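Here is a friendly walk through one structure, with an eye on its inner space and its sheet. Have the viewer open as you read.

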Amino acid sequence: TIQSSDVNAINEQAGIRSVCVHEDVFFVLQRALYFAELTDGAYDPTIGPLVELWNIKGEESKAEHTIPKEEEILKALKKVDYKKLQLLDGNKVFLKDKGMMVDLGGIVKGYAADEVKRILNEKGVKSAIADIGGNIYACGSKPSGEDWKIGLRNPFKSNGEYAGIINVSDTSIVTSGDYERYFELNGKRYHHILSTTTGYPVQNELSAVSVITPNSIDGDALSTALFVLGTEKGTKLLKNYSNDVEAFYFTKDKSIYVPPKLKSKFELVNDEFSIIDNVY
């Protein structure tokens, strides 16, 4: 989001010309476009105009927020279309229409976690935890040889209290939820995960989704998409995508849909929640 960045250059030249970007930026955009196509836009890296319009950055500015006007939302929606993001030879990137904006907030922390993983592996580190704000990478296992115990946050508490604990080794855990960045108005919560269909924050049965995956960049994009899609559609997408990716779904009625493969690795630590076997 800084002015000197490749992403900012892409956005400033939208509808005008292509921009040559660093190979790392190009790689992230390739993965972003792949997941946009896989999820039919449930995750969309061109969501920038909507993100800018809603401007939901964190709890500290909740009182200042208002809901954008309907005509503003419709105008922003017209500028959101991953099919108009072109990746060209020579690491060049072009947004077809003026006013379009790339926003990689839904995937780039996953890329960062994977880079941490690469560096740790290169340095021969066998045991470590990397925490990048909602993206956890568990390198190997504990020095004792036991699995790491990673807390899955209670989406209804602001103090970091856990709903459950997952035992993992050498894997990534990425969570998307409605509790980190939001504002409340007239008793209703408006969070930062926006629908590319309605232009409003996603409203469904979910409060959070935690994705367990070898690659954090995949988990980052997928956690956003699964939150948008909901439990049933999200589970069907994962089944068709990979056997190496699993997801926990936390619903507003305090149910946790647990993937059968990870049931033995999961421990419920808050009796306000109930475990439901995910049979979708």
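How much space lies in the largest cavity? The answer is about 30 Å³. Bear in mind that this is a predicted model.

**The cavity**

A search for cavities of 30 Å³ or more turns up 1 in the structure. Which residues line the largest cavity? They are Leu152, Arg153, Thr175, Tyr179, Ala208, Ser210 and Phe250. By character, this lining splits into 4 nonpolar residues, 2 polar ones and 1 charged one. Two strands, S6 (148-153) and S11 (206-213), each contribute at least two residues to the lining.

**The sheet**

Strand S11 also belongs to an open sheet of 7 strands with mixed pairing, and the order is S4-S5-S8-S11-S12-S13-S15. Why is one side of S4 and of S15 left without a neighbour in the sheet? Strand S4 (127-131) and strand S15 (274-277) stand at the edges and have a single partner strand each, so one side of each stays free of a neighbour there. From one strand to the next, the twist averages 15°.

Let us look at one pairing inside this sheet. Strand S5 (residues 135-140) and strand S8 (residues 171-177) run antiparallel, and 4 bridges join them. Isoleucine 136, for instance, has isoleucine 173 in S8 as its bridge partner.

**Helices on the sheet**

Two helices that pack on the sheet are set side by side here, with the strands they touch and the angle between directions.

| Helix | Strands touched | Angle |
|---|---|---|
| H5 (residues 108-122) | S4 and S5 | about 15° with S5 |
| H6 (residues 216-229) | S5, S8, S11 and S12 (246-251) | about 155° with S11 |

Strand S5 appears in both rows: helix H5 touches S5, and helix H6 touches S5 as well.

**A closer look at tyrosine 111**

Helix H5 includes tyrosine 111. Is tyrosine 111 buried or exposed? Its relative accessible area is 15%, and because the cut-off for buried is under 20%, tyrosine 111 counts as buried.

What is tyrosine 111 in contact with, once its neighbours within four places in sequence are left aside? The contacts of tyrosine 111 are then Asp24, Phe27, Val28 and Ile217. For a sense of distance, tyrosine 111 and asparagine 135 lie 24 residues apart in sequence, while their C-alpha atoms are 9.9 Å apart in space.

Methods
Residues numbered from 1 in each chain as written. Predicted model: local features only at pLDDT ≥ 70, side-chain atom pairs only at ≥ 80, totals over all residues. Heavy atoms only, no water. 1 Å grid on protein atoms, 1.4 Å probe; cavity = no way out; pocket = protein on both sides within 12 Å on 5 of 7 lines; lining within 4 Å. Points joined across faces, edges and corners; volume = space filled by probe spheres on them. Nonpolar A, V, L, I, M, F, W, Y, C, P; charged D, E, K, R; others polar. Pairing = 2+ DSSP bridges. Axes fitted to C-alpha atoms, helices over the stretch in contact; angles between N-to-C directions. Contact = heavy atoms within 4.5 Å. Buried < 20%, exposed > 50% of the residue type's maximum accessible area, 1.4 Å probe, protein only.
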